[in-house]
Amino acid sequence: MQFRKRRKPTFFFVDLEVNKVQFSVRMVDITQNGARLQGTHEVVDGTAGVITVRGHRLAGTLRWVRGGTIGFEFDEPLPAHLYSILAHKKTAAARKRFLVD
């Protein structure tokens, strides 16, 4: 049996680019493999997209869309230091690496 990774709640805005159109959406929660986003924009599941958060571009796929909520799966798992910052585990080492990257 496979269990879903525990989601960490977040509350900040990110840019979502889909089909060369950019939207501002709210990141509701995050794992190292994906994020749940909220916005009022018309998007279709299965579409490739890019999230820009704090200067980092994260490529992925819109796995599901329900009303104004989007499940976004990253193409690559997030690096641990970036995940720590986004998931609000703000260790000194993670902050330092995030600012350098």
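This section describes the fold, strand pairing, core and selected side-chain arrangements of a predicted protein model.

The secondary structure of the model consists of two helices and six strands. Read from the N terminus, these elements follow the order β-β-β-β-β-β-α-α. The chain has 101 residues, and 43% of them count as buried. The accessible surface amounts to about 6400 Å², and carbon and sulfur atoms account for 51% of this area. Of the contacts between residues at least 6 apart in sequence, 43% join residues at least 24 apart.

The strand pairings are considered next. Strand 1 and strand 2 run antiparallel and are joined by nine bridges. Within this pair, Lys8 stands opposite Ile30 of strand 2. The two strands form a hairpin with two residues between them, and in this hairpin Asn19 adopts a positive phi near 50 degrees. Strand 1 is also joined to strand 4, again in an antiparallel arrangement, through three bridges. Here Leu16 has Ile51 of strand 4 as its bridge partner.

Strand 2 likewise pairs with strand 3, in the antiparallel sense and over four bridges. Arg26 stands opposite Gln38 of strand 3, and the hairpin that joins strand 2 to strand 3 passes through three residues. Strand 3 in turn pairs with strand 6 over five bridges, also in the antiparallel sense. In this pairing, Gly34 has Glu73 of strand 6 as its bridge partner.

The largest nonpolar core contains 23 residues, and Ile30, Leu37 and Ile51 are those with the most contacts inside it. At least two residues of this core come from each of strand 1 (8-18), strand 2 (21-30), strand 3 (34-38), strand 4 (48-53), strand 5 (56-66), strand 6 (69-74) and helix 1 (80-86). Ile51, one of the three core residues with the most contacts, is thus also the residue bridged to Leu16 in the pairing of strand 1 with strand 4.

For Leu37, residues up to four places away in sequence were not counted; beyond these, Leu37 touches Val14, Leu16, Val25, Arg26, Met27, Val28, Ile51, Gly68, Thr69, Ile70 and Phe72. The list includes Ile51, another of the core residues with the most contacts.

Ile30 is located in strand 2. With a relative accessible area of 0%, Ile30 counts as buried because this value lies under the 20% limit. Apart from neighbours within four places in sequence, Ile30 is in contact with Arg6, Arg7, Lys8, Thr10, Ala35, Phe74, Leu78, Tyr83, Leu86 and Ala87. Among these, Lys8 is the residue that stands opposite Ile30 in the pairing of strand 1 with strand 2. Leu86 is 56 residues from Ile30 in sequence, yet the C-alpha atoms of the two residues are 7.6 Å apart in space.

Val65, in strand 5, presents another case. Its relative accessible area is 25%, so Val65 is classed as partly exposed, a class that lies between the limits of 20% and 50%. Outside the neighbours within four places in sequence, Val65 is in contact with Val43, Val44 and Asp45. For Val65 and Asp45, a sequence separation of 20 residues corresponds to a C-alpha to C-alpha distance of 5.5 Å.

Aromatic side chains were examined for ring pairs and for charges placed over rings. One aromatic pair was found. This pair is formed by Phe72 and Phe74 in an edge-to-face arrangement, with 5.8 Å from centre to centre and 65 degrees between the planes. Both members fall under the 20% limit and therefore count as buried: Phe72 has a relative accessibility of 2%, and Phe74 has one of 6%. Phe72 is among the residues touched by Leu37, whereas Phe74 is among the contacts of Ile30.

Two arginine residues have their charged ends over aromatic rings. The charged end of Arg54 sits over the ring of Phe12, at 5.1 Å from the ring centre. That of Arg66 sits over the ring of Trp64, at 4.4 Å from the ring centre.

Key: Residues are numbered from 1 along each chain as its sequence is written. This is a predicted model: local features need pLDDT of at least 70, side-chain atom pairs count only at pLDDT 80 or more; totals for chains, interfaces and linings use all residues. Side-chain values use heavy atoms; hydrogens and water are left out. Buried means under 20% relative accessible area, exposed over 50%, partly exposed in between (1.4 Å probe, protein chains only). Contact means heavy atoms within 4.5 Å. Accessible areas come from the Shrake-Rupley method with a 1.4 Å probe; for residues, only the protein chains shown count as cover. Rings of Phe, Tyr and Trp (its six-membered ring) pair if their centres lie within 6.5 Å; planes under 30 degrees apart count as stacked, over 60 as edge-to-face and the rest as tilted. A charge sits over a ring if NZ of Lys or CZ of Arg is within 6 Å of the ring centre and within 35 degrees of the ring normal. A nonpolar core is a set of buried Ala, Val, Leu, Ile, Met, Phe, Trp, Tyr and Cys residues joined through side-chain atoms within 4.5 Å. Two strands pair if DSSP finds at least two bridges between them.
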